[in-house]
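Colleague: Please take a close look at one part of this model, the largest pocket. I would like a connected account of its lining and of the elements that supply it.

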Amino acid sequence: APVFHKIPDPNGKSGAFIEKQVKDRFVVRRKDTWDDFGTVGSHYHPFQNREAFEFCDYLVESGEAKYTFAGKAKNGRKVVLVMQFPDGLQVAGEDAHDLYALLRTSHDGTKAISIAVTPVRHACTNVMSLSLYSPGIKQRWAVQHTSTVQGKLEEARDTLKLTSRYAEEFKKAADQLAATDMAIAEFETVLKKILPDRPKTPEVIGRIQGLLQNSPNIRDEHRATAWGGMNAITEYFDWKRDTRSPEAKFLATMDGVNNQMRNRAATLLLRGR
C-alpha cells in the first residue's frame with residue numbers, strides 16, 4: 001500500500017491539510033488481518049512463507065534434512081523454519097552436537113532471506129553457532145529469490161555445501177578450544193573484556209565462573225579449558241539470564257546479546273586472549 005503524509009493545504013483555509021503520497025515508499029500489510037508490518041522501498045519484493053517452504057522442501061525431499069520447527073515472531077513480521085541434518089558432530093571426542101539450519105525471513109523489510117547453520121549441544125541444548133573467519137566459511141548467508149525449479153535446486157545444493165564446510169570448520173575450532181588450557185584467572189579476564197562495565201557485572205562474572213566450576217552440563221575434563229569457558233558463557237546467556245519472553249530469548253540467541261557474547265568470547269579464546 002502507498003504511504004501518505006499530511007501537509008498544509010496551500011489552497012485551503014488556515015489549519016486545513018491534504019494528503020500527499022510519499023515517493024517510493026510503501027507499507028507491507030497482511031491481507032488476512034490488515035496489520036501493517038513496516039515501510040519498504042519500491043524495489044522490495046515480497047517473499048511469501050510458502051515460497052520459503054518451497055525452497056526448504058528441496059533439502060527435505062532429498063533426504064538431506066528434516067523439518068523440526070516452524071514459527072513466527074513479532075506477530076508474523078519475522079518467520080523461521082528449522083531443519084535438522086542427519087549427521088551431527090563430536091567435539092573433543094565425546095561432546096555430541098546436532099546440526100541445524102535455520103531459514104529466516106521478514107515481512108517488514110528489516111531482514112534478508114537467510115540461512116544460518118547452528119550446532120546445538122546435546123548436554124544442555126546450548127546453541128553453539130560461531131562466526132568463523134576462515135576463507136570461504138560462512139555461518140549464515142543470503143538465499144536468492146529464484147522463480148525457476150533449477151534455480152531453487154542450485155540454491156539447495158549450495159546450502160548443503162556451505163553447511164558441510166561450516167560443520168567441518170566448527171569442529172576444528174571447538175576441538176582447538178577443548179585443547180586449550182585456561183586458568184580461572186584467565187577466564188575472568190576474558191569475561192571482563194566481553195561484558196559491559198555495569199554495576200551488576202561482577203555478579204554476572206561470578207555466576208558464569210560458578211557454571212564453569214559446577215554445571216552438570218560441562219564435562220569435568222573441560223572445566224579448565226577454553227571450551228568449558230565457552231559452554232559456561234553460552235549456558236548463562238541462553239538459560240540463566242533473565243529475558244522477557246521465549247521470543248526475546250530466541251532473538252537474543254540468534255542475533256542479539258547472547259550471540260554477541262558467545263562470539264566475542266570465541267574470538268578472544270581462539271586468538272590467545
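Modeller: In what follows, helices are DSSP runs of H or I of at least four residues, strands are runs of E of at least two, and both are numbered from the N terminus. The model is predicted, so its confidence comes first, pLDDT being the predictor's confidence in each residue. The mean pLDDT of the protein is 87, with 97% of its residues at 70 or more. Helix H4 (residues 201-214) has the highest confidence, at 97, while strand E1 has the lowest, at a mean of 76. Where pLDDT is low, predicted coordinates should not be read in detail.

The largest pocket has a volume of about 610 Å³. It is lined by 27 residues, and those closest to its centre are Val82, Leu102, Val127, Phe250 and Met254. By class, the lining comprises 14 nonpolar, 5 polar and 8 charged residues.

Several elements contribute to this lining. At least two residues come from each of strand E4 (66-73), strand E5 (78-91), E6, E7, helix H5 (226-240) and helix H6 (246-254). H6 provides the largest share, 7 residues.

Among these contributors, strand E7 (residues 114-121) can be described in some detail. All 8 of its 8 residues are buried, that is, under 20% relative accessible area. Both of its faces are covered: Ser114, Ala116, Thr118 and Val120 are buried on one side, and Ile115, Val117, Pro119 and Arg121 on the other.

The pairing of E7 places it between two strands. Strand E6 (residues 95-106), itself a contributor to the lining, runs antiparallel to E7 and is joined to it by 8 bridges. Within that pairing, Arg104 has Ser114 as its bridge partner. E7 also pairs in the antiparallel sense with strand E8 (residues 140-142), over 3 bridges. There Ser114 stands opposite Ala142. Ser114 thus has a partner in E6 and another in E8.

For contrast, the second largest pocket holds about 490 Å³ of space. It is lined by 18 residues, of which Val28, Arg29, Arg30, Gln48 and His107 are the closest to its centre. Strand E2 gives the most to that lining, with 4 residues. The residues there divide into 9 nonpolar, 5 polar and 4 charged.

How values were computed: Residues numbered from 1 in each chain as written. Predicted model: local features only at pLDDT ≥ 70, side-chain atom pairs only at ≥ 80, totals over all residues. Heavy atoms only, no water. Buried < 20%, exposed > 50% of the residue type's maximum accessible area, 1.4 Å probe, protein only. Pairing = 2+ DSSP bridges. pLDDT = per-residue confidence, 0-100. 1 Å grid on protein atoms, 1.4 Å probe; cavity = no way out; pocket = protein on both sides within 12 Å on 5 of 7 lines; lining within 4 Å. Points joined across faces, edges and corners; volume = space filled by probe spheres on them. Nonpolar A, V, L, I, M, F, W, Y, C, P; charged D, E, K, R; others polar.
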